[in-house]
Amino acid sequence: MSNFKIIIYEIFPNILPVIVVTISTTVGWMILETAGLSFLGLGSQPPQADLGSMLGEGRSSLIVNPHTSYVPGAMIFLIVIGVNLFGDGIRDALDPRLSKGELVKPQPVTQIKLNRNVENNSNSFLSVQNLTTAFEFDNKLHLASKDVSFDIKKGECLGLIGESGSGKSVTALSITCLVASPPGVIVDGSVKFQGDDILKMNYEQIRELRGNKISYIFQDPLSTLHPLIKIGKQLEEAFIEHNQQKNKEATFKGKELLKLVQIPNIENVWNSYPHELSGGMRQRVSIAMALTNDPELIIADEPTTALDVTVQAQILSLLDTLRKERGLSVLFISHDFGVVSQICDRVIVMYGGQIVEEGKTENIMSKPRHPYTSQLMECVPHIGFGKRKLPTILGSPPSITYKKEIGCSFASRCLIKKDNCLNEDIKIVQKGDSEVRCLYPHE
Ligand SMILES: Nc1ncnc2c1ncn2[C@@H]1O[C@H](COP(=O)(O)OP(=O)(O)OP(=O)(O)O)[C@@H](O)[C@H]1O
Ligand code: SF4
Ligand SMILES: [Mg+2]
């Protein structure tokens, strides 16, 4: 890239908001300074009209005719505030996150606007029914996950797998109403956890649940750990916030957890900032933080994606051991069949925001029924087949802004599609040991 292009495409968009705000505050100061000089008789002189000199002249008749001072004073105030707000408005419009309201009015709970009352009579530990989450922009709702339904039993590990953008994180975040809002909106569904519908809880109840009974290991620990607070302080805070206990107990618990997740040199890590740790260590700290309040359900969003295979294997075995020792339920999100097959009891495959296949891990691994699942599994490299040409799934997953025609959302990439795949919306049905959303599932 040439220097000119770097300036135009990289530097300019980043400094433009700062330039706009600096200009608007400087103009505000200039107006104030000019008015101040005129007020002192050093600026423009009568008969030249100037708010500062008007204010200065009005001062002599302040008692008899107060409006002669109030009006120019109020005008100076309004002009300066107006110029500053105008600059702020332009800055907001230039930043896509600010213009969509994500940074200016972030909500602690995803907006919930349910279209209907979904019957959920399941007694499962966690039961998700018809969960549908959308993002609202360009005055439209764009669905990111549609009619997602699944159950998790106590002590079970459920895998959620699919390509990038298939709606895995949105589904998982919706369970504890953590989808960024605006623009996120939960438009349909029910999420019953131990008998109570989370989507009908108030903020205090949801807050009580988060981090306490349901913990989240986020996809990117670097952006979720606070960059300016030391690891030890963050671990203590996670404990104190839910237990109202003293620092001493929180420190003890935090260090115990770091030991549990096999962090070497605990004292050093305790006093480090997140950027001073390696990716694997940050991920372990995130796991330790998720375990702080002995949760009953852990949602792990691709906890090993950024790690090398040895660290990945350690973290997986750690999660598996913790699950078995503590009877934890886990919703494990990944796009790697190898990882999912190692620790999950059941697997859900998502495509375009919908579940396309669900079943026991061994059944899906040995006999994938949906063409998407089988094509996805074909893309996994096998040890000992180094010369095998790795197939890819042609095309790309649908974006949430894509206006879906009726029919199967995988049709444009499916190798066995037939004409009637595009004639109707496809329901998920039982096929053998699995449930599949396909008119022609593999036998
Ligand atoms: N804040 C947002 N605003 C608008 N669209 C969003 C937002 N967050 C996610 N999306 C869209 O929702 C869809 C699902 O995103 P999601 O993060 O759930 O994907 P994912 O399956 O977790 O992918 P990955 O494997 O890359 O993490 C994507 O098409 C994405 O573009
Ligand atoms: S419904 Fe048709 S297009 Fe869709 S996955 Fe099945 S065979 Fe392919
Ligand atoms: Mg994700």
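Reader: How many strands form the open sheet, and in what order?
Author: In this predicted model, eight strands form an open sheet, and going across the sheet the order is 7-8-9-4-10-11-13-12, with mixed pairing.

Reader: Which strands are at the edges?
Author: The edge strands are strand 7, residues 214–217, and strand 12, residues 429–431, each of which pairs on one side only. From one strand to the next, the twist averages 20 degrees.

Reader: What does strand 10 pair with, parallel or antiparallel?
Author: Strand 10 runs parallel to strand 4, residues 157–161, and four bridges join the two, whereas its pairing with strand 11, residues 354–360, is antiparallel and extends over six bridges. As background, strands of a sheet pair through backbone hydrogen bonds, either parallel or antiparallel.

Reader: Which residue is the bridge partner of L160, then?
Author: The partner of L160 is I348 in strand 10. Towards strand 11, V347 has G359 as its bridge partner, and Y351 has Q354.

Reader: How many residues are between strand 10 and strand 11?
Author: Two residues lie between them in a hairpin, and G352 in the turn has a positive phi of about 55 degrees.

Reader: Is strand 10 itself buried or exposed?
Author: Strand 10, residues 346–351, is mostly covered, with six of its six residues buried. In a regular strand the side chains alternate between the two faces of the sheet. Here both faces are covered, since R346, I348 and M350 on one side are buried, and V347, V349 and Y351 on the other side are buried as well.

Reader: Back to L160: what is it in contact with?
Author: Setting aside neighbours within four places in sequence, L160 is in contact with K168, T171, A172, L331, F332, I333, I348 and M350. L160 also belongs to the largest nonpolar core, which has 74 residues, and is listed with A288, I299, L331 and F332 as having the most contacts inside that core. Helix 11, residues 279–291, gives the largest share of this core, seven residues.

Reader: Which residues are in the other core?
Author: Another core, of six residues, lies apart from the largest one, and among its members are A35, L51, M54 and I76.

Reader: New topic: how do helix 1 and helix 3 cross?
Author: The axes of helix 1, residues 3–39, and helix 3, residues 67–94, come within 8 Å and cross at roughly 175 degrees. Because angles over 145 degrees count as roughly antiparallel, helix 1 is roughly antiparallel to helix 3.

Reader: What residues meet there, and how many are nonpolar?
Author: Residues of helix 1 including L16, V20, I31 and A35 meet residues of helix 3 including I76, V83, F86 and L94. The residues of this contact divide into 16 nonpolar, five polar and two charged.

Reader: Where are the cis peptide bonds around P182?
Author: The bond from S181 to P182 is cis, with omega near -5 degrees, and the bond from P182 to P183 is cis, with omega near 10 degrees. P182 is placed in the loop between helix 5, residues 168–175, and strand 5, residues 184–193, and P183 lies in the loop between helix 5 and strand 5. Most residues other than glycine have a negative phi, and most peptide bonds are trans.

Reader: Which residue in strand 3 has a positive phi?
Author: D147, which lies in strand 3, residues 140–152, has a positive phi of about 50 degrees although D147 is not a glycine. D147 is partly exposed, with 17 other C-beta atoms within 10 Å.

Notes. Residues numbered from 1 in each chain as written. Chains lettered and ligands numbered in written order. Predicted model: local features only at pLDDT ≥ 70, side-chain atom pairs only at ≥ 80, totals over all residues. Buried ≥ 20, exposed ≤ 12 C-beta atoms within 10 Å, placed from the backbone. Pairing = 2+ DSSP bridges. Core = buried A, V, L, I, M, F, W, Y, C linked by C-beta atoms within 7 Å. Contact = placed C-beta atoms within 7 Å. Axes fitted to C-alpha atoms, helices over the stretch in contact; angles between N-to-C directions. Parallel < 35°, antiparallel > 145°, perpendicular 65-115°, else oblique. Nonpolar A, V, L, I, M, F, W, Y, C, P; charged D, E, K, R; others polar.
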